[in-house]
Number of protein chains: 2
Amino acid sequence: MPLLLLTNDDGYQAAGIQALAHIAATFAEVYVVAPDGPRSGAAAAITCTQPVSYSPLPHSGKDNLHFFSCSGTPVDCVKLALEQIVPRRPDLLLSGINHGDNASVSVHYSGTMGAVYEGCMKGIPSIGLSLFLQRGQRYEDHPVSDDTLAAIAALCQRVLQHGLPQDICLNVNLPVAHKFRGWQVCRQARGQWSAEWVSATHPYGQRAFWLTGTFTDLEPDANDTDFSALRSGYCSVVPVTVDTTAHSALKEIQNLI
Amino acid sequence: MPLLLLTNDDGYQAAGIQALAHIAATFAEVYVVAPDGPRSGAAAAITCTQPVSYSPLPHSGKDNLHFFSCSGTPVDCVKLALEQIVPRRPDLLLSGINHGDNASVSVHYSGTMGAVYEGCMKGIPSIGLSLFLQRGQRYEDHPVSDDTLAAIAALCQRVLQHGLPQDICLNVNLPVAHKFRGWQVCRQARGQWSAEWVSATHPYGQRAFWLTGTFTDLEPDANDTDFSALRSGYCSVVPVTVDTTAHSALKEIQNLI
């Protein structure tokens with residue numbers, strides 16, 4: 001049986017990781033090592049200034065499904081799992097299913113994808129999965145459909161069989177849909193967040209700000225981006241590289257400098 | 001006078017950002033909006049679950065140099081500065097000088113570079129600057145030399161004049177050196193962190209773990225990476241893209257799926 005490591009940024013109690021864990025346990029030995037509470041927006045943050053701990057959670061009822069909670073970030077969960085928890089090197093890392101999308105530039109803030117980068121940098125085939133909920137929609141009211149979960153399981157099995165290219169992981173986003181329409185391999189859309197702060201006043205008068213914002217797809221007419229796939233009801237699959245270098249710009253920057 | 005926004009992940013008190021702010025103030029109007037304390041390893045994390053606040057700090061003594069502290073992450077600092085603090089759109093964003101390097105894969109954990117991504121995604125030419133200290137070395141004992149600061153100022157002026165390509169920012173790492181040897185435009189080295197946890201026992205017996213680790217350059221013989229530049233005493237300049245897509249792998253993933 002393959003060994004799968006699962007994590008997320010919504011915490012181990014979240015419906016998305018519970019659904020993913022139970023579908024994964026149909027074909028694999030599964031270790032869930034996930035934050036003890038919400039870590040949305042954690043990106044690839046690591047905990048530098050305090051120690052991190054973990055605890056086993058009560059028996060899941062399945063002998064091949066093990067849950068642990070961790071006090072750290074999603075990346076901490078992966079690092080700690082690999083050195084301290086899993087019995088051997090995992091064959092596959094899954095992160096999610098996130099309650100909210102991580103398409104376009106939101107990938108940069110994503111704790112879900114932070115964990116995926118970490119798995120990839122450790123040489124483990126790694127996949128992030130996120131559900132494109134509209135603001136105010138809850139996962140519990142729009143759960144990922146059974147046939148989409150089955151398609152995710154099939155995708156995992158293909159990746160287990162063939163691996164992924166070196167230093168490349170997958171950023172998968174799922175539309176809210178009753179039926180699975182198919183995968184669309186695509187690129188990250190250009191996008192922008194704006195109007196990001198809402199003023200809040202503390203009862204004692206101090207002003208503070210809640211982070212919110214409006215997202216704009218800067219390529220609304222493209223047909224090869226994650227956003228265009230999602231708009232058409234497909235599941236987007238962006239191959240993501242952990243090499244941040246803009247190779248095509250090396251010459252131009254050389255000339256500038 | 002150009003308008004510069006400065007931030008970092010070590011906090012506004014850090015020697016690195018103070019040095020950068022004072023050299024920037026020789027040619028620009030400077031707004032420093034930086035965390036109120038250390039945020040090392042914050043990556044591009046954003047604060048989702050609580051409000052963020054900021055405060056002006058005492059007058060710097062220079063009319064064109066303004067300091068603000070912020071309760072959030074480096075990315076929060078940039079987002080809040082742009083919407084609430086700076087009088088107009090900055091011409092350039094600088095993040096650092098970080099007390100520690102952000103070369104190779106460490107770029108992914110870097111709060112310094114998280115802020116730079118944010119500036120870049122907002123369309124502002126953005127540069128991250130980090131000093132390659134060995135473990136245990138302090139910035140205060142190995143400050144960036146005056147001629148390196150002058151070279152940074154000259155680099156800023158070239159970027160102010162010519163801009164940077166769309167969606168591309170710069171990850172600059174500086175060796176500890178008495179003299180500036182030159183810039184080397186290069187790519188991100190492949191690298192890996194391992195042996196990352198040191199066990200710690202709470203006085204009451206609970207076990208926890210400190211994040212530490214050993215970095216290995218996986219391309220020690222390369223001569224075109226950030227690590228090779230730093231090893232040779234040069235300042236590395238990696239053009240970094242906020243497009244995470246592995247364009248070269250789109251076909252291969254299409255076939256896999």
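Reader: How many residues of chain A are in contact with chain B in this thing?
Author: In this predicted model, 63 residues of chain A are in contact with 63 residues of chain B, where contact is taken as C-beta atoms, placed from the backbone, lying within 7 Å. By class, the chain A side has 37 nonpolar, 17 polar and 9 charged residues, with Ala, Val, Leu, Ile, Met, Phe, Trp, Tyr, Cys and Pro counted as nonpolar, Asp, Glu, Lys and Arg as charged, and the others, Gly among them, as polar.

Reader: And how are the two copies related?
Author: Chain A can be laid on chain B with an RMSD of 0.0 Å by a turn of 180° and a shift of 0.0 Å along the axis, using a least-squares fit on C-alpha atoms of residues with pLDDT of at least 70 in both. The copies are thus related as by a two-fold rotation axis. Since 100% of the interface residues of chain A are also interface residues in chain B, the copies meet through the same surface.

Reader: What confidence numbers come with the complex?
Author: The predictor gives an ipTM of 0.96 and a pTM of 0.97. For chain A, the mean pLDDT, a per-residue confidence from 0 to 100, is 97. Local features need pLDDT of at least 70 and side-chain atom pairs count only at pLDDT 80 or more, while totals for chains, interfaces and linings use all residues. Residues are numbered from 1 along each chain as its sequence is written, and chains are lettered from A and ligands numbered from 1 in the order in which they are written.

Reader: Switching to strands, is S5(B) mostly covered or exposed?
Author: Strand S5 of chain B, residues 92-99, is mostly covered, as 8 of its 8 residues are buried, meaning that 20 or more other C-beta atoms lie within 10 Å of their own (12 or fewer is exposed, in between is partly exposed). Strands here are DSSP runs (E) of at least two residues, numbered from the N terminus.

Reader: Which strands pair with it?
Author: Strand S1(B), residues 3-7, runs parallel to S5(B) with 4 bridges, and strand S6(B), residues 126-132, pairs with S5(B) in the parallel sense over 5 bridges; pairing requires at least two DSSP bridges. Leu94(B) in S5(B) stands opposite Leu6(B), and has Ile127(B) as its bridge partner in S6(B).

Reader: Last one, what does Pro38(B) touch?
Author: Leaving out residues up to four places away in sequence, Pro38(B) touches Thr49(A), Asp10(B) and Gly11(B). Pro38(B) is partly exposed, with 17 other C-beta atoms within 10 Å.

Methods:
pLDDT is the predictor's confidence in each residue, from 0 to 100. Two residues are in contact if their C-beta atoms, placed from the backbone, lie within 7 Å.
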